[in-house]
Amino acid sequence: MAFELPKLPYAYDALEPHYDAQTVEIHHSKHHNAYTMNFNKAVEAAGLEGKSAEEILTSLDSIPADKRTAIINHGGGYWNHNFFWESISPNGGGEAKGKLADAINAKWGSFAAFKEEFTAKAAGHFGSGWAWLVVNNSGELEIVDTHDQVCPITTGLKPLTVIDVWEHAYYLKYKNVRPEWITAWWNVADWDKAEERFNAV
Ligand code: MN
């Protein structure tokens, strides 16, 4: 069974005014769809049909070198976008709660301090990529960025939430002003989902 573009759990205009309907629709139906189609081609070329995306992305070393780059680019693009759409919600915004809030406070002192560092990481990422809150391989919270479509699960990280800082993620509405997109993202970030992921680590 080939990988399929997942349906979004909300309408294209549900994240307005923070994330505009036109960008969401193109981002999902064109960009994410292209990654999905190309991931299927890369999977077929590498003879990996039948494996889950997680199985494939956590065993990159076993993929022949000449097939690996396409898997990293398109498999990462498929998985990262699945994760991204589930990390934002029309009911998002606010701050982390529960055990995740406790862990953030223990690490950064306050949600505001965490927010400042995450925003700086996302804003400062050079070129295309992503900023993530993860549980790292020492079991600690960490803010990391990945380039292009590199997927954090490939190095054992457990992502909790993410912002896409590729220009395609924001350019129609926010043009070259990435910080405005990051500000908007905080209004749709789904902290219930992030806590659910944290509690499952
Ligand atoms: Mn994207």
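Let's start with the overall layout: the centres of domain 1 and domain 2, taken over C-alpha atoms, are separated by 20 Å. This is a predicted model, and its chain is divided into domain 1, spanning 21-85, and domain 2, spanning 98-200.

Now look at where the two domains meet. Here 19 residues of domain 1 are in contact with 23 residues of domain 2. Between them the domains bury about 1,600 Å², with 70% of that on carbon and sulfur atoms. On the domain 1 side, Asn80, Phe83 and Phe84 lose the most area to domain 2, and together they account for 38% of what that side buries. As for polar links, you will find zero salt bridges between domain 1 and domain 2, but eight residue pairs are in polar contact across the interface. The side of domain 1 that touches domain 2 draws at least two residues from each of helix 1, helix 2 (53-57) and helix 3. Helix 3 gives the most to this side, with nine residues.

From here, let's turn to the manganese ion. Its protein donors are His27 (NE2), His81 (NE2), Asp164 (OD) and His168 (NE2), which lie 2.0 to 2.1 Å from the ion. Along the sequence, these donor residues follow the spacing H-x53-H-x82-D-x3-H. His27 sits in helix 1 (residues 21-46) and His81 in helix 3 (residues 65-85), so this pair ties together parts that are 54 residues apart in sequence.

How exposed or buried are these two histidines? His27 has 0% relative accessibility and therefore counts as buried. His81 also counts as buried, because its relative accessibility is 0%.

How values were computed
Residues are numbered from 1 along each chain as its sequence is written. This is a predicted model: local features need pLDDT of at least 70, side-chain atom pairs count only at pLDDT 80 or more; totals for chains, interfaces and linings use all residues. Side-chain values use heavy atoms; hydrogens and water are left out. Donors are N, O and S atoms within 2.8 Å of the metal (3.2 Å for Na, K and Ca); water is not among the atoms, so sites may look incomplete. Helices (H or I, at least four residues) and strands (E, at least two) are DSSP runs, numbered from the N terminus. Buried means under 20% relative accessible area, exposed over 50%, partly exposed in between (1.4 Å probe, protein chains only). Domain bounds come from an automatic or database domain assignment. Contact means heavy atoms within 4.5 Å. Buried area is the accessible area (1.4 Å probe) that two parts lose on being put together, summed over both. A salt bridge is a side-chain nitrogen of Lys or Arg within 4 Å of a carboxyl oxygen of Asp or Glu. A polar contact is a pair of N or O atoms within 3.5 Å; within protein, one must be able to donate a hydrogen and the other to accept it, and residues adjacent in sequence count only if both atoms are side-chain atoms.
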